[in-house]
Amino acid sequence: MPHLDLLSTFLEVYRAGSLSAAAQRLGVTQPAVSGQLARLEERIGEPLFVRGSRGVTPTRRAALLAARVGAHVDGLRGALDPADEPPLRGTVRIGGAAEVMALRVLPALAGLTGRGLTVHVTLGLADDLLSQLADDRLDLVVSAVRPSRAGVLAAPLVDEEFVLVAPPALAHTVDADRLRSEPVAALAHLPLVAYAEELPIVRRYWRGEFGRRPPNPVALVVADLRAVLAAVAAGAGISVLPRYIAAPALAAGEVVQLHRPEVAPLNTLYMAVRRGGTAGPAVTVVRDRLQQAARGWSSL
């Protein structure tokens with residue numbers, strides 16, 4: 001089995017999104033990070049990242065490896081340095097959308113459970129979760145919409161970038177010249193895979209980038225962005241997804257980025273707590289851990 005330091009370096013690169021950022025967080029040089037990553041890739045027998053001008057993009061094997069070993073490596077690192085990781089007591093009730101919780105938030109908090117913290121997770125839509133927060137049924141919410149409730153205090157956590165993706169076979173049916181000059185018309189024949197019947201994410205992308213609602217037929221609606229990606233990769237249609245969800249499929253060539261705007265469309269995720277509430281030490285630790293992790297996520 002690969003040595004712990006190789007897996008630790010891999011996780012830092014996976015979470016930071018670049019070799020240089022991982023090196024800074026580890027307190028080592030970039031060549032040292034590159035060398036350890038190369039050793040791990042040699043042991044595994046395939047690349048874990050696709051290098052690019054904006055950093056590195058994880059392959060599907062990297063995403064699977066991170067999900068498999070992340071919590072274990074975090075726990076072992078905490079056990080090896082107990083002086084820096086005092087025990088925690090208490091329960092923190094946290095809410096968020098299923099996708100960001102599963103792929104970003106919970107892996108970041110996994111090390112805290114090894115110190116004795118109990119985490120209760122509620123998955124759902126932002127408005128419902130913020131209501132539960134205001135009613136003292138949750139302690140913290142990661143929200144995809146800016147909270148406007150009087151009893152809720154929120155701070156930006158991270159920006160997520162949205163990308164328009166398609167299966168390669170459908171991408172080949174789009175005329176590149178027409179896409180540049182008449183994007184709505186060029187894409188109108190392609191069916192949509194959507195998160196909800198109101199097309200909230202797709203509609204926002206079309207309006208922001210193309211100036212109008214999408215006229216496309218809707219082929220499939222499913223309230224899980226990971227399922228949306230799976231349907232797109234299988235050929236059901238095109239969709240708009242956060243880059244962090246689409247990245248492994250993009251790297252593997254299962255989907256392609258159909259449109260590349262000059263300025264990447266972003267959506268801010270917020271970390272919300274009750275205004276005027278007394279946050280216990282466990283909630284404070286969770287909040288600090290998420291803020292620290294989000295700095296490494298760069299753009300989701």
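**Exercise 1. Determine whether Ala194 is buried or exposed, and describe its surroundings.**

Solution. Ala194 has a relative accessible area of 0% and is therefore buried, where buried means under 20% relative accessible area, exposed over 50% and partly exposed in between, with a 1.4 Å probe and protein chains only. This is a predicted model, in which local features need pLDDT of at least 70 and side-chain atom pairs count only at pLDDT 80 or more, while totals for chains, interfaces and linings use all residues. Residues are numbered from 1 along each chain as its sequence is written, and side-chain values use heavy atoms, with hydrogens and water left out.

The next step is to place the residue: Ala194 lies in strand β7 (residues 192-194), strands being DSSP runs of E with at least two residues and helices runs of H or I with at least four, both numbered from the N terminus. When neighbours within four places in sequence are left aside, Ala194 is in contact with Leu199, Leu220, Val221, Val222 and Val228, contact meaning heavy atoms within 4.5 Å. Finally, the C-alpha atoms of Ala194 and Asn216, which are 22 residues apart along the chain, are separated by 11 Å.

**Exercise 2. Describe the backbone and burial of Leu199 and of Asp136.**

Solution. Leu199, one of the contacts of Ala194, is found in the loop between β7 and α10. Leu199 has a positive phi of about 55° although it is not a glycine, and at 8% relative accessibility Leu199 counts as buried.

Asp136, which is also not a glycine, has a positive phi of about 65°. Asp136 sits in the loop between α6 (126-134) and β5 (140-143), and its relative accessible area of 42% makes Asp136 partly exposed.

**Exercise 3. Locate Arg213 and list its contacts.**

Solution. Arg213 belongs to the loop between α10 (200-210) and β8 (218-221), and with 44% relative accessibility Arg213 counts as partly exposed. Apart from neighbours within four places in sequence, the residues in contact with Arg213 are Arg203, Trp206 and Arg207. Between the C-alpha atoms of Arg213 and Val142, which are 71 residues apart along the chain, the separation is 28 Å.

**Exercise 4. Examine how far helices α1 and α12 are enclosed.**

Solution. Begin with α1 (residues 4-16), whose 13 residues reach 18 Å from the first C-alpha to the last, close to the 18 Å expected at 1.5 Å a residue; the expected span is 1.5 Å times one less than the number of residues. Ten of the 13 residues of α1 are buried, so α1 is largely enclosed by the rest of the structure; among them are Phe10, Glu12 and Arg15. Gly17 follows α1 and has a positive phi, near 85°.

For α12 (residues 243-252), seven of the ten residues are buried, so this helix too is largely enclosed by the rest of the structure. The buried residues of α12 include Tyr244, Pro248 and Leu250, and just after α12, Gly253 takes a positive phi of about 80°.

**Exercise 5. Compare the radius of gyration of the chain with that of a compact globule.**

Solution. The globule rule is 2.2 Å times the number of residues to the power 0.38, and the radius of gyration is taken over C-alpha atoms. For 300 residues a compact globule would have a radius near 19 Å, and the chain has 20 Å, which agrees. Buried residues make up 44% of the 300 residues, and of the contacts with a separation of 6 or more, 72% involve residues 24 or more positions apart.
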